[in-house]
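Work through the exercises below with the sequence and the 3D structure at hand. Try each task before reading its solution.

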Amino acid sequence: MSSSAKKKLYGVLVAVLVVIFAFVGDQFGLIDGLDTDSSAGNTELSGEVMTVNFFDVGQGDCKFIEFPNGECMLIDCGEKYYADRVIQKIKNAGYSKIDLLVVTHPHTDHMGGMSEIVDEFEIGEIYMSNAQAMTSTYESLLESIDNKGLTVNTAKSGVAITVSDTVTGEFLAPVSNDYDDLNNSSAVLKLTYSDVSFLFTGDAETLSENEMLSVSYYELDSDVLKVGHHGSSSSSCEEFLSAVSPEYAVIECGADNSYGHPHTETLERLENVGVKIYRTDYDSDIVFTTDGSAINVED
């Protein structure tokens, strides 16, 4: 075979290999721009950025939000044995003060280490629902709050919080005053930065979701949903998901937890509405950043 013929054959083989590689990459996410990594497709953000951190605290909840104006918010913190980890993460981010602190409800997987956090940081405003618990952990939190001379604001439907000129916050639940199940007393907070909204639901179950649907249907629409009650089937009913219509959903749960969270029924309902799902048991810490228009995700 002549030299020129060999070159032509070589060129054809290379072209075929390129086509094959592109096809395989498209199917299995192996080439740049087509991979299945959560950071793929992220856009360059312009202007000031808000960062929403979902800290992995096992079978518990913890969100740390960094606002464009330099202030921050903590929503829940997980069990007591995660307190040191949460404290260190906040300090590593450069904060010595928590400007807004939210305790969704008095279950220890949400506020077990909160007394340590209140003791460690300067605290601005505190928001809690009216729900109470006869536990030493809850009493310890109240004692830490009292020792610093802080007051507690009631988190309930219709209460707005002051964040900045560009970031607004409003509690959409609890709607009622008393519940048989503490989960339904969860403070549900919607945070909005320009055109981007996050909905944090604590452990709110179907009863609370239906109450929100009846009084705040149009306000529920959000880009990112923190799935209620660790992905339990007792939360995230179809009507609620339809009203929220999220692009992203985050499930905070522990690996191989004894509750079986997230439940298959919940995952199916989320998938049926085309939501991109992130899970702390799979992804560990999950970080959303937004400039009020676009959203980027890292896990």
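**Exercise 1. The chain as a whole**

Task: State how many helices and strands the protein chain has, and what percentage of its residues count as buried.

Solution. The model is a predicted one. Its protein chain has nine helices and 15 strands. The chain has 299 residues, and 51% of them count as buried. For contacts, take those between residues at least 6 apart in sequence: 66% of these join residues at least 24 apart.

**Exercise 2. The order of a sheet**

Task: Give the order of the strands in the open sheet of seven strands, and find which strands stand at its edges.

Solution. Step 1: write down the order, which is S7-S8-S9-S10-S11-S12-S13, with mixed pairing. Step 2: look at the two ends. Strand S7 (160-162) and strand S13 (276-279) each have a single partner strand, so each has one side without a neighbour in the sheet. Step 3: follow the twist, which averages 20 degrees from one strand to the next.

Step 4: recall what pairing means. Strands of a sheet pair through backbone hydrogen bonds, in either a parallel or an antiparallel way. Both senses can be found here: S9 and S10 pair in the antiparallel sense over five bridges, while S12 and S13 pair in the parallel sense over four bridges. In the second pair of strands, Ile251 has Arg279 in S13 as its bridge partner.

**Exercise 3. Strand S9 and its neighbours**

Task: Decide how many residues of strand S9 (residues 188-193) are buried, and which of them point one way and which the other.

Solution. Step 1: count the buried residues. Six of the six residues in S9 are buried, and the strand is mostly covered. Step 2: sort them by direction. Val188, Lys190 and Thr192 point one way, Leu189, Leu191 and Tyr193 point the other way, and all are buried.

Step 3: find the neighbours. Strand S8 (residues 167-173) pairs with S9 in the antiparallel sense over six bridges, and Glu170 stands opposite Lys190 of S9. Towards S10, Tyr193 has Val196 as its bridge partner. Step 4: inspect the turn. The hairpin of S9 and S10 has two residues between the strands, and Ser194 takes a positive phi near 55 degrees there.

**Exercise 4. A helix packed on the sheet**

Task: Find which strands helix H8 (residues 264-272) touches, and which of its residues are buried or exposed.

Solution. Step 1: H8 packs on the sheet and touches S12 and S13, with its direction at about 145 degrees to that of S13. Step 2: list the buried residues, which include Thr266, Leu267, Arg269 and Leu270. These residues cover an arc of only 160 degrees around the axis, which puts them on the same side of H8. Step 3: turn to the other side of H8, where Thr264, Glu271 and Asn272 are exposed. Step 4: ask what covers the buried residues. The cover includes helix H7 (238-244), S12 and S13. After H8 comes Gly274, with a positive phi near 70 degrees.

**Exercise 5. Aromatic pairs**

Task: Classify the pair of Phe54 and Phe200 by the angle between its planes, then do likewise for Tyr248 and Phe288.

Solution. Step 1: a search of the whole structure finds twelve aromatic pairs. Step 2: the ring centres of Phe54 and Phe200 are 6.2 Å apart and their planes are at 40 degrees, so this pair is tilted. Phe54 belongs to strand S1 (residues 50-54) and Phe200 to strand S10 (residues 196-200), so the pair ties together parts that are 146 residues apart in sequence. Both residues, Phe54 and Phe200, are buried.

Step 3: for Tyr248 and Phe288 the values are 5.6 Å centre to centre and 75 degrees between the planes, and the pair is edge-to-face. Tyr248 lies in strand S12 (residues 248-251) and Phe288 in strand S14 (residues 286-290), so the parts tied together are 40 residues apart in sequence. Tyr248 and Phe288 are buried. Step 4: put the pairs together. Phe54, Phe198, Phe200, Tyr248, Tyr278 and Phe288 form one aromatic cluster.

**Exercise 6. Charges over rings**

Task: Find which ring the charged end of Lys89 sits over, and which ring that of Arg279 sits over.

Solution. The charged end of Lys89 is over the ring of Phe55, 5.3 Å from its centre. For Arg279 the ring is that of Tyr282, and the charged end is 3.8 Å from its centre.

Methods. Residues numbered from 1 in each chain as written. Predicted model: local features only at pLDDT ≥ 70, side-chain atom pairs only at ≥ 80, totals over all residues. Heavy atoms only, no water. Phe/Tyr/Trp six-rings, centres within 6.5 Å; stacked < 30°, edge-to-face > 60°. Buried < 20%, exposed > 50% of the residue type's maximum accessible area, 1.4 Å probe, protein only. Lys NZ or Arg CZ within 6 Å of the ring centre and 35° of its normal. Pairing = 2+ DSSP bridges. Axes fitted to C-alpha atoms, helices over the stretch in contact; angles between N-to-C directions. Contact = heavy atoms within 4.5 Å. Arc of directions from axis to C-beta.
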